[in-house]
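These exercises are worked from the sequence and the model shown below. Try each task before reading its solution.

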Amino acid sequence: MRKRTEELLNEIENCEQIKEYLADNGEEICRLSLSDHLRAMQQKYGVKKSELFRRAGQAGSNYGYELFRDDTKTPSRDILLAICLAFPMTIAETQTALRCAGLSVLYPRDARDAYILFALKNKLTVDELDELLEEQKLSTLL
């Protein structure tokens, strides 16, 4: 993705036909499914699903496994964020995961999201992030 969101919005506002916009900006459109993104991250980071779900606080749950194989499942934002931290994904990879799931991306002007962004940047665990959030009286991921 090379264009800023504002640029894309401006192009949509000024286009005559949506097909024209999509043809011009095909590489800017997220067409990746969440399960595809999660599988790509698993391959990149070489982490076993069982270990990933243990780190994400989802040990013993079939829910995480379903996210890897079923694109009809939409996780809660907090569960997906816990999985992203458990990899640990970068901020950009996490934002992509959120977009693929149809969830709102992390917003740095929101205090809780700022803590999550900080945790991603610094490769904190879910437990470490939850401690920080709890200290600030913000809702934890788990």
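**Exercise 1: two cysteines**

At 17% relative accessibility, Cys-100 counts as buried, because buried means under 20% relative accessible area, exposed over 50% and partly exposed in between (1.4 Å probe, protein chains only). The model is predicted, so local features need pLDDT of at least 70 and side-chain atom pairs count only at pLDDT 80 or more, while totals for chains, interfaces and linings use all residues. Residues are numbered from 1 along each chain as its sequence is written, and side-chain values use heavy atoms, with hydrogens and water left out.

Task: Decide how many disulfides there are, and state the relative accessibility of Cys-84.

Solution. Step 1: a disulfide is a covalent bond between the sulfur atoms of two cysteines. The rule applied here asks for a pair of cysteine sulfur atoms within 2.5 Å. Step 2: by this rule the count is 0 disulfides. Cys-84 is in none, and the nearest cysteine sulfur, that of Cys-100, lies 10.0 Å away. Step 3: Cys-84 has 0% relative accessibility and therefore counts as buried.

**Exercise 2: the whole chain**

Task: Describe the helices and strands of the chain, then its extent and burial.

Solution. Step 1: helices (H or I, at least four residues) and strands (E, at least two) are DSSP runs, numbered from the N terminus. The chain has 9 helices and 0 strands. Step 2: along the principal axes, its C-alpha atoms fill a box of roughly 50 × 35 × 25 Å. Step 3: of the 142 residues, 36% count as buried. Step 4: contact means heavy atoms within 4.5 Å. Among contacts between residues at least 6 apart in sequence, 56% join residues at least 24 apart.

**Exercise 3: helix α6**

Task: Find how many residues of α6 are buried, and what covers them.

Solution. Step 1: 8 of the 10 residues of α6 are buried, and the helix is mostly covered. Among them are Ala-82, Ile-83 and Leu-85. Step 2: the cover of these buried residues includes α3, α4 (49-55), α5 (63-69), α7, α8 (111-121) and α9 (126-135).

Task: Describe how α6 meets α7.

Solution. Step 1: the axes of α6 (residues 77-86) and α7 (residues 91-100) come within 10 Å and cross at roughly 145°. Such axes are lines fitted to C-alpha atoms, for helices over the stretch in contact, with angles from 0 to 180 degrees between N-to-C directions. Step 2: Arg-77, Leu-80, Leu-81 and Cys-84 of α6 make the contact with Thr-94, Ala-97 and Leu-98 of α7.

**Exercise 4: single residues**

Task: Is Tyr-21 buried or exposed, and which residues does it touch?

Solution. Step 1: Tyr-21 sits in helix α2 (residues 18-24). Step 2: its relative accessibility is 7%, so Tyr-21 counts as buried. Step 3: leaving aside neighbours within four places in sequence, Tyr-21 is in contact with Leu-8, Glu-11, Ile-12, Cys-15 and Ile-29.

Task: Place Ser-33 and Asp-70 in the chain.

Solution. Step 1: Ser-33 is in the loop between α2 and α3 (34-45). At 15% relative accessibility, Ser-33 counts as buried. Step 2: Asp-70 is in the loop between α5 and α6. With a relative accessible area of 26%, Asp-70 is partly exposed. Step 3: the C-alpha atoms of Asp-70 and Thr-5, 65 residues apart along the chain, are separated by 29 Å.
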